[in-house]
There are 2 protein chains.
Amino acid sequence: MSPRPGRTDVTKRKLFDATLRLAGTRGMVGLTVDEIAAEAGVAKGTVYYNFGSKDGLIDALLRYGVDLLAARLSSADGDASDTLSRLIDGMLAFFAEYPTFAQLLVSELWRTPGQWQQTLSLLREQVTSIIRGQLQRLADAGELPEGVAVPTASAALFGTVLVVALDWQVFAPERSQEEVRDSVLTLVRGLRGTVG
Amino acid sequence: MSPRPGRTDVTKRKLFDATLRLAGTRGMVGLTVDEIAAEAGVAKGTVYYNFGSKDGLIDALLRYGVDLLAARLSSADGDASDTLSRLIDGMLAFFAEYPTFAQLLVSELWRTPGQWQQTLSLLREQVTSIIRGQLQRLADAGELPEGVAVPTASAALFGTVLVVALDWQVFAPERSQEEVRDSVLTLVRGLRGTVG
DNA sequence: CCAGTTAAACTGACCAGTCAGTACAAATAA
DNA sequence: TTATTTGTACTGACTGGTCAGTTTAACTGG
């Protein structure tokens with residue numbers, strides 16, 4: 001699709017990073033293009049040359065971030081017995097590495113019609129379908145109790161880990177990732193059909 | 001202090017309602033005072049007369065909403081065995097009744113320093129402390145398995161129900177409250193130390 | 001050459017906040 | 001009872017600033 005990598009990829013990456021660096025405190029609305037460009041060490045016009053608009057930039061950023069997350073989750077394969085643990089760890093690690101992306105997701109994902117709603121619905125589907133696949137493997141292995149609807153559980157698990165990760169960063173940053181992961185595991189222990 | 005009740009309470013209520021009516025689609029930032037005033041059938045100046053600033057209005061709205069939620073949760077008393085069910089039902093019912101308030105919470109609560117962060121921290125504490133109290137009753141009754149940290153579980157439960165409620169409204173509005181409640185119960189079944 | 005980038009000035013819409021003035025009810029005076 | 005004052009609530013035109021997006025002319029590295 002793209003014959004020459006070109007310099008634009010580097011520039012785009014710089015803009016993504018800069019935007020994530022800034023979006024945490026101020027949110028996506030109320031974040032100026034001038035600011036983003038300055039933070040990225042790039043001229044304002046470059047933003048418009050590469051993305052066409054502020055919306056275009058954010059749209060591309062969301063896709064970029066979700067691709068990263070999806071890559072992590074897909075590689076959570078392995079023994080069925082600790083699939084859940086790997087899945088949660090993968091999400092937590094990602095959200096710990098890109099905290100502002102988690103904030104971005106949570107603050108935009110459930111906005112009815114909102115401007116990036118269409119993109120976000122696609123991205124939500126992309127992520128939950130991976131989780132669904134992993135959970136289905138558990139179900140096939142008989143590791144899930146009766147009556148657990150896999151699609152519902154997937155969406156709930158995604159949302160739960162998302163907010164728990166944010167709560168961790170914002171209100172209890174001193175806790176370790178292991179502690180947090182174990183807390184989530186405890187909470188969803190019912191899924192595994194065992195009581196530890 | 002105030003000999004006459006005055007009209008302001010009615011006006012404030014009108015502004016709260018109008019804001020909630022609008023905040024769902026556009027979020028809090030990127031929502032204009034002119035719009036809110038128009039929706040409430042009130043002049044722009046009235047907003048400033050009553051709340052001093054846009055921030056003041058939102059601040060007051062958040063407190064108003066959380067008071068309503070807290071009232072619901074506090075009344076979730078009763079038999080220890082279905083405390084969890086009542087708690088979840090109460091939250092779901094509230095979020096179903098004030099869907100935009102849930103969106104407001106989720107999109108603002110985890111913004112680092114953000115403008116209403118201080119208010120929101122207080123409100124989060126107010127709500128989770130109630131949940132904490134209810135869960136503690138369960139723990140005292142020996143209904144929680146060993147190793148469950150009540151404060152952590154409370155925060156996680158709150159976040160989980162919040163996102164599940166939003167997911168329900170945005171992505172699966174055809175499901176009934178009972179279905180959703182049962183899904184959450186299944187998910188957190190581990191907390192009760194029983195498997196069905 | 002030329003795709004990508006830069007710096008700077010500019011436009012036009014939009015919007016938070018202001019302020020002089022209106023409406024009206026209760027308190028007080030005549 | 002009627003007239004006058006006072007305080008509270010509200011109004012909406014206006015201001016000053018901000019910001020997305022545009023335009024242009026010049027620069028740079030491959």
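Here are some numbered notes on how two protein chains and two DNA strands sit together in this structure.

1. Before anything else, keep in mind that this is a predicted model. Treat the distances below as computed from that model.

2. Let's start with DNA strand D. There are 16 residues around DNA strand D, and the closest of them are Lys44(A), Thr11(B), Ala43(B), Thr46(B) and Tyr49(B). Notice that this list has names from both chain A and chain B. Which part of the strand faces the protein? Of the strand D atoms within 4 Å of the protein, 76% are sugar or phosphate, and bases make up the rest.

3. Now zoom in on single contacts to strand D. Lys44(A) reaches a base: one of its polar side-chain atoms is 2.8 Å from a base oxygen of DNA strand D. Two tyrosines go to phosphates instead. In Tyr49(B), a polar side-chain atom sits 2.6 Å from a phosphate oxygen of DNA strand D, and in Tyr48(A) a side-chain N or O atom is 3.3 Å from a phosphate oxygen of that strand.

4. Which helices are behind this surface? Helix H3 (44–51) of chain A, plus helix H1 (8–26) and helix H3 (44–51) of chain B, are the elements that give two or more residues to the surface near DNA strand D. H3(B) contributes the most, with four residues. Sorted by class, the residues near strand D are six nonpolar, seven polar and three charged.

5. On to DNA strand C, which has 17 residues around it. The ones that come nearest are Thr11(A), Thr46(A), Tyr49(A), Lys44(B) and Tyr48(B). Sugar and phosphate make up 70% of the strand C atoms that come within 4 Å of the protein.

6. Here are a few contacts worth finding on strand C. Thr46(A) has a polar side-chain atom 2.7 Å from a phosphate oxygen of DNA strand C. Ala43(A) uses its backbone: an N or O atom there is 3.1 Å from a phosphate oxygen of the strand. Lys44(B) goes for a base, with a polar side-chain atom 2.7 Å from a base nitrogen of DNA strand C.

7. The surface near strand C gets at least two residues from each of H1 and H3 of chain A and H3 of chain B. H3(A) has the largest share, at three residues. By class, this surface has six nonpolar, seven polar and four charged residues.

8. What does the database record say about this part of chain A? An unreviewed UniProt entry annotates residues 32–51 of chain A as a "DNA-binding region". In the model, that stretch is 80% helix and 0% strand, with its end C-alpha atoms 15 Å apart. Lys44(A), described above with its 2.8 Å approach to a base oxygen of strand D, falls inside the annotated range.

9. Next, the two chains themselves. In total, 39 residues of chain A are in contact with 41 residues of chain B. About 3,400 Å² is buried between the chains, and carbon and sulfur atoms give 65% of that area. Three residues stand out: Trp110(A), Phe171(A) and Leu187(A) supply 21% of the area that chain A buries against chain B, more than any other three residues.

10. The interface has polar links too. Two salt bridges are counted between chain A and chain B. Asp167(A) pairs with Arg124(B) in a salt bridge, where the closest N and O atoms are 2.4 Å apart. There are also seven residue pairs in polar contact across this interface, counting pairs with both residues at pLDDT 80 or more.

11. Which helices of chain A face chain B? The elements giving two or more residues to that side are H1 (8–26), H6 (99–108), H7 (117–140), H8 (150–171) and H9 (177–187). H8(A) gives the most, with 11 residues. That side of chain A has 18 nonpolar, 16 polar and five charged residues.

12. Finally, look at the salt bridges as a whole. Over all chains, the structure has 17 of them. One joins the side chains of Arg181(A) and Asp89(A), at 2.9 Å from N to O. Arg181(A) is in helix H9 of chain A and Asp89(A) is in helix H5 (residues 83–97) of chain A, so this pair ties together parts that are 92 residues apart in sequence.

Conventions: Residues are numbered from 1 along each chain as its sequence is written. Chains are lettered from A and ligands numbered from 1 in the order in which they are written. Side-chain values use heavy atoms; hydrogens and water are left out. A residue is near a molecule or strand if one of its heavy atoms lies within 4 Å of it. A polar contact is a pair of N or O atoms within 3.5 Å; within protein, one must be able to donate a hydrogen and the other to accept it, and residues adjacent in sequence count only if both atoms are side-chain atoms. Ala, Val, Leu, Ile, Met, Phe, Trp, Tyr, Cys and Pro count as nonpolar, Asp, Glu, Lys and Arg as charged, and the others, Gly among them, as polar. Contact means heavy atoms within 4.5 Å. Buried area is the accessible area (1.4 Å probe) that two parts lose on being put together, summed over both. A salt bridge is a side-chain nitrogen of Lys or Arg within 4 Å of a carboxyl oxygen of Asp or Glu. UniProt positions are given in the numbering used here, feature names are shortened, and annotations may be inferred rather than shown by experiment.
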